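Got your viewer open? Let's take a walk through this one, a selection at a time.

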Amino acid sequence: MKSCLIVDDSKVVRMVARKILEGLNFAIDEAEDGQKAIEACEKSMPDAVLLDWNMPVKSGIEFLVDLRAMKDVEQPVVVFCTTENDMSHIQKAIQAGANEYIMKPFDSEIIESKFTQVGLI
Amino acid sequence: MNVNDFELISQLLKKRSGLVLSEDKAYLLESRLNPVARKWGLSGFDELAQQVRKSNDEKLLVDITEAMTTNESFFFRDQKPFDQFRDVVLPYLLEHRATKKSLRIWCAAASSGQEPYTLAMLLKEAQAKLSGWRVEIVGTDISQEILDKAKEGVYSQFEVQRGLPINLLVKYFTQMEDRWQISDDIRKMVTFKKFNLLESMAGMGQFDVIFCRNVLIYFDQPTKSQVLDQMAGLLANDGFLYLGGAETVLGISDRFLLIPGQRGIYGLANEQHAVKAAG
């Protein structure tokens, strides 16, 4: 079973994403901001991260930069999942090392489609 | 819905498009044709059937046929067929058409354009190897309305998120508020035209690859055979025919054989060329 860390400051979004990903056979961990997500990755690196952009303490993009700078770890697949749906944000995310990008609102079909594309399913 | 109305409309659809509707699909008639009825100022399916009986207005018949034959599509649908295209079919054709430097592909049910545009993007990604080649992608559909959308090449946020890798969205699309426009470079690679698969295919020319995915499932056996036999006549001797995951030629046509190891891709039965090379 693959693991996925869901990083979002909205409890509702985390709950919805958890339900979808558990249905796709992922073991789920949650973090409510980028800082807590880094701490979770230091403890145990997941196979995938579903990542919001705007969060308190540390944003999704700051988390991603820190994550990709971590040495001697198995880097996870990172899929952004955010309301930031303009080209400049998408390009910035790809440059920082995101593997895929979901523009909210999302549904189970989009999550499944994106996770399949990056080889997680 | 009464039985006579169901018969009337299902016969009309069968004759005009080949679409076969069993009675358990009667709900589809109502859900898809109620909007057509409203457009024509009619209260619903029953009045629509009455109108067909009364007037036989060609425009109304076209509206009904188009509403029933328009099916959803998305970029890189099922992914695997396009991986096969990139990794098996295209390398084969690059080698075996190296002298001719020409490639013709037909998407026989192009719908809103995602399948031909997916192929156009894949070919664009391989453009270094296709320098000096004449590449033609023909997308046909029975519905003019859906072809107009395909030609426009504008998709919703939802549509560009189903199957399309984000790097290709960035590379080949421009954002227009909440819609996404495919680039002119890609659009120009595809020629769209209205075509009914029940008609004679003579005059379509020869193709190296034919995509006919998730179309035959709507036809009865004789129609499936007729379509496949006609396609066999259009395919290059070592060409490739793609069918949908739930479709087969078994018991329908002996003109094609599954290419070993390549699920969903068929070659001409009397030509072992492509089969051997790609298998």
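**Stop 1: two domains in chain B**

Where 10 residues of domain 1 of chain B are in contact with 11 residues of domain 2 of chain B, you have a good place to begin. Keep in mind throughout that you're looking at a predicted model. To colour the two parts, use the domain assignment: domain 1 takes residues 3-69 of chain B, and domain 2 takes 80-154 + 182-278. Taken over C-alpha atoms, the centres of domain 1 and domain 2 of chain B are separated by 30 Å.

**Stop 2: the largest pocket**

Now select Thr69(B), Asn71(B), Asn214(B), Val215(B) and Tyr218(B), which out of 33 lining residues lie nearest the centre of the largest pocket. Its volume comes to about 700 Å³. Show α2 (26-39), α4 (58-69) and β2 (134-141) of chain B too, since these are the elements that give two or more residues to the lining. Why does this pocket lie between domain 1 and domain 2 of chain B? Because both domains give residues to its lining. Colour the lining by class and you'll get 16 nonpolar, 10 polar and seven charged residues.

**Stop 3: the second largest pocket**

Next up is a pocket of about 280 Å³, the second largest. Of its 15 lining residues, pick Phe76(B), Arg86(B), Leu122(B), Pro165(B) and Leu168(B), the closest to the centre. Helices to show here are α5, α6 (114-125) and α9 (166-172) of chain B, each of which supplies at least two lining residues. Which element gives the most to this lining? That's α5(B), with three residues. By class, the lining splits into six nonpolar, five polar and four charged residues.

**Stop 4: the nonpolar core**

Stay with helix α5 (residues 80-96) of chain B, because it's also the element that gives the most to the largest nonpolar core, with seven residues. That core has 71 residues, and Phe85(B) and Phe173(B) touch the most other members. In soluble globular proteins, nonpolar side chains tend to be buried together. Centre on Phe85(B) and show what it touches beyond four places away in sequence: Leu90(B), Pro91(B), Ile105(B), Leu119(B), Leu122(B), Leu123(B), Val209(B), Phe211(B) and Tyr242(B). You met one of these, Leu122(B), at the second largest pocket. There's also a second, separate core of 26 residues, and Leu197(B), Cys212(B), Leu216(B) and Val227(B) are among them.

**Stop 5: over to chain A**

How many cavities of 30 Å³ or more does the structure hold? Just one, with about 40 Å³ of space in it. To find it, select the lining: Ile6(A), Val7(A), Asp8(A), Val13(A), Ala17(A), Leu50(A), Leu51(A), Asp52(A) and Cys81(A). Elements giving two or more residues here are β1 (2-7), α1 (11-23) and β3 (48-51) of chain A. Seven of the lining residues are nonpolar and two are charged, with no polar ones.

**Stop 6: Gly60(A)**

Finish in helix α3 (residues 60-69) of chain A, where you'll find Gly60(A). Is Gly60(A) buried or exposed? Its relative accessible area is 0%, so Gly60(A) is buried, the cut-off being under 20%. Leaving out residues up to four places away in sequence, Gly60(A) touches Leu51(A), Asp52(A), Trp53(A), Met55(A) and Phe80(A); Leu51(A) and Asp52(A) also line the cavity from the previous stop. For a last distance, try the C-alpha atoms of Gly60(A) and Leu50(A): these two sit 10 residues apart along the chain, with 9.7 Å between them.

How values were computed: Residues numbered from 1 in each chain as written. Chains lettered and ligands numbered in written order. Predicted model: local features only at pLDDT ≥ 70, side-chain atom pairs only at ≥ 80, totals over all residues. Heavy atoms only, no water. Core = buried A, V, L, I, M, F, W, Y, C linked by side-chain atoms within 4.5 Å. Buried < 20%, exposed > 50% of the residue type's maximum accessible area, 1.4 Å probe, protein only. Helix = DSSP H or I, 4+ residues; strand = E, 2+ residues; numbered from the N terminus. Contact = heavy atoms within 4.5 Å. 1 Å grid on protein atoms, 1.4 Å probe; cavity = no way out; pocket = protein on both sides within 12 Å on 5 of 7 lines; lining within 4 Å. Points joined across faces, edges and corners; volume = space filled by probe spheres on them. Nonpolar A, V, L, I, M, F, W, Y, C, P; charged D, E, K, R; others polar. Domains from an automatic or database assignment.
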